[in-house]
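Reader: I should like to learn how to read a protein model step by step. May we take one feature at a time?

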Amino acid sequence: MSQISSSSTSQSPSARKLCRCGGYIKTWTSWTDLNPGRRFEACEMSRRSRGNGHHWEWLDATTCARGKELIPGLLRRMRAMEEELKLIEEQKKEVEDKLKMVEREKKELEYKVGELGKQKRVLEENRMGQRPRENRIWGVSFLSMGLGFLVIMMMLCILSNWLTFPGGNSKKRMIN
Ligand SMILES: [Zn+2]
């Protein structure tokens, strides 16, 4: 495990040192297990390898034994925590995506409910419009049935009258 992170220099750009190759020389901090926390100066073009013509020089003395013992363990714990944090962030994103999907589905359902409500209202209005017409039809048929019945009764009455007294005039004459 070796990681080298840069430590920004407070020098102004004009005061910056230049390497032979023309690249800037910057101060870095090593986070390797052998040299944890030890600062060095190196060309920005080649800070990871020494002895290839670019500037490279330790600034601090060797890290003390206690530091070598403690710092790598702390770094491992820190990296494990960073990994955990990354995992939590990913899970959070997944949950957020699911939540968005649920929200979208909810909106779709609400729209469908709205459409169904509209259809229901239209159906109810149609039914309300149909009922009086049905009543009217029933009323008309009852009326015609009653009239027909009345006509039949009247005809029956006339017929029975005629059968009982055929030729009412002669009967009148007989009475007189
Ligand atoms: Zn260089």
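Reader: In what order do the elements of the protein run from the N terminus on?

Author: One begins by listing helices and strands along the chain. In this predicted model, the order from the N terminus is β-β-β-β-α-α. The secondary structure thus comprises four strands and two helices.

Reader: Which strands pair with strand 3, and in what sense?

Author: For pairing, one looks for bridges between strands and for their relative direction. Strand 2, residues 25-30, pairs with strand 3 in the antiparallel sense over six bridges. One of the partnerships links Ile 25 to Cys 43 in strand 3. Strand 3 is also joined to strand 4, residues 56-58, by three bridges, and these two strands likewise run antiparallel. Here Ala 42 stands opposite Trp 56 of strand 4.

Reader: Where is Arg 38 found, and why does Arg 38 count as buried?

Author: Arg 38 lies in strand 3, which covers residues 38-43. Burial is judged by counting neighbours, and the cut-off is 20 or more other C-beta atoms within 10 Å. Arg 38 counts as buried because it has 20 C-beta neighbours inside 10 Å. Across the protein, buried residues make up 6% of the 176 residues.

Reader: Which residues does Arg 38 touch, leaving aside those up to four places away in sequence?

Author: Contacts show which parts of a chain meet in space. With those sequence neighbours set aside, Arg 38 touches Ser 30, Trp 58, Asp 60 and Thr 63. Asp 60 is 22 residues from Arg 38 along the chain, yet their C-alpha atoms are separated by 5.7 Å.

Reader: What share of the contacts with a separation of 6 or more comes from residues 24 or more positions apart?

Author: Such residues account for 39% of the contacts in the protein with a separation of 6 or more.

Reader: Where does UniProt place the feature "transmembrane region", and is that span helix or strand?

Author: An annotation may be compared with the model's own elements. The unreviewed UniProt entry places this feature at residues 137-163. In the model, that span is 100% helix and 0% strand, and its end C-alpha atoms lie 39 Å apart.

Methods
Residues are numbered from 1 along each chain as its sequence is written. This is a predicted model: local features need pLDDT of at least 70, side-chain atom pairs count only at pLDDT 80 or more; totals for chains, interfaces and linings use all residues. UniProt positions are given in the numbering used here, feature names are shortened, and annotations may be inferred rather than shown by experiment. A residue is buried if 20 or more other C-beta atoms lie within 10 Å of its own, exposed if 12 or fewer, and partly exposed in between; C-beta atoms are placed from the backbone. Two residues are in contact if their C-beta atoms, placed from the backbone, lie within 7 Å. Two strands pair if DSSP finds at least two bridges between them.
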